[in-house]
Amino acid sequence: MTGIQTEQLGIIAGKGVYPRILAASAKQQGVKRVFAVAFKGETDRRIGQAADEVQWIHIGLLGAMLEAFRKSGVKKAVMAGQITPTHLFNLRMDRAMLDLLGRLKERNADTIFGALAEELAKIGIELMPAYLFMESSMPSPGLLTKKAPDDRERKDIELGLKVAKTTSGLEIGQTVVVKEGTILAVEAFEGTDKAIRRAGRLGGKGSVVVKVAKKGHDMRFDIPVIGMRTLKSLKKAGVSAMALEAGRTILLERERVIAGADRLGISMIAVAVD
């Protein structure tokens, strides 16, 4: 249960089930009205089942998004769900978005979403942590599945944690795939699922996936998220174990994912990271 009290909540709704689950959880925890800005061709249309009002816009229209939020009356907002990374290079942007990107020396999640948070603040909207109303979906340290990692997998997890904390701090990615002491893949611009599948093509079955938040991570955006789509990638790549950072990773549809991992014989563990 979150300690933040608000009667109205705005959601910047990206891909997948995360925005819908967040909206439903917010309503269950006392939020009376959920307003969502959704993106045509990107956001799951079922967001309308959980949000009270949805404003649909095209990706890249920052001005339209800000105007929608200004008119909505909400004062707090959350970013939920991924936007396809390649849109940064091939979408049609309005002047407001072009100006925002033009001010940035580097373009990554921190700089782009940080600048977006500043734009929202200018119209009186505070961007809240991405885990707001999702605390129950953030596992504490411990084994999540019936099967525990074996000795080889634990060694690979230790190596993966060390590498992932380093690479994520360099804005490279939050996910690392390891097999028998060899780094098969480090998540780059393609995202977690494609990185996992790339590792499967390179190393075959039996790899270990590690996912963390970078040191000093701004928890308002780009928070590590694992869900059923991730589980499908683990199956496709023949992954035998996965470790996620406890207390800083959202496990969407937790019971369903864990049950699926159990059926596939995949070990899943949440680990505390200093």
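## Parallel sheet

Strand 2 and strand 3 pair in the parallel sense, over five bridges. One residue pair can be named: Phe39 has Ile57, in strand 3, as its bridge partner. The model is predicted.

The two strands belong to an open sheet of five strands. The order is 3-2-1-4-5, and the pairing is parallel. Strand 3 (53–57) and strand 5 (126–127) are the edge strands, each pairing on one side only. In general, strands of a sheet pair through backbone hydrogen bonds, in either a parallel or an antiparallel way.

## Helices against the sheet

Helix 2 covers residues 62–72. This helix lies across strand 1, strand 2, strand 3 and strand 4. Relative to strand 2, helix 2 runs at about 170°.

Helix 1 spans residues 18–28. Its buried residues are Tyr18, Pro19, Arg20, Leu22, Ala23, Ser25 and Ala26. They pack against strand 1 (8–13), strand 2 (33–39) and strand 4 (76–80), and also against strand 10 (225–226) and strand 12 (250–251). An α-helix has 3.6 residues a turn, so residues three or four places apart point the same way. After helix 1 comes Gly30, with a positive phi near 105°.

## Lys165 in helix 6

Lys165 sits in helix 6, which runs over residues 151–169. The side chain of Lys165 makes a polar contact of 3.1 Å with the side chain of Glu245.

Contacts beyond four places in sequence include the run Val212, Ala213, Lys214 and Lys215. Glu245, Arg248 and Val273 are also in contact with Lys165.

## Arg220 in a loop

Where is Arg220 placed? Arg220 is in the loop between strand 9 (208–211) and strand 10. Is Arg220 buried or exposed? Neither label applies, because its relative accessible area is 26%, which makes Arg220 partly exposed. The cut-off for buried is under 20%, and for exposed over 50%.

The side chains of Arg220 and Asp218 are joined by a polar contact of 2.8 Å. Leaving out residues up to four places away in sequence, Arg220 touches Met79, Ala117, Leu127, Met128, Pro129 and Ala130. Arg220 and Tyr131 are 89 residues apart in sequence, yet their C-alpha atoms are 7.8 Å apart in space.

Definitions and conventions. Residues numbered from 1 in each chain as written. Predicted model: local features only at pLDDT ≥ 70, side-chain atom pairs only at ≥ 80, totals over all residues. Heavy atoms only, no water. Buried < 20%, exposed > 50% of the residue type's maximum accessible area, 1.4 Å probe, protein only. Helix = DSSP H or I, 4+ residues; strand = E, 2+ residues; numbered from the N terminus. Contact = heavy atoms within 4.5 Å. Polar contact = N/O pair within 3.5 Å; in protein donor to acceptor, adjacent residues only side chain to side chain. Pairing = 2+ DSSP bridges. Axes fitted to C-alpha atoms, helices over the stretch in contact; angles between N-to-C directions.
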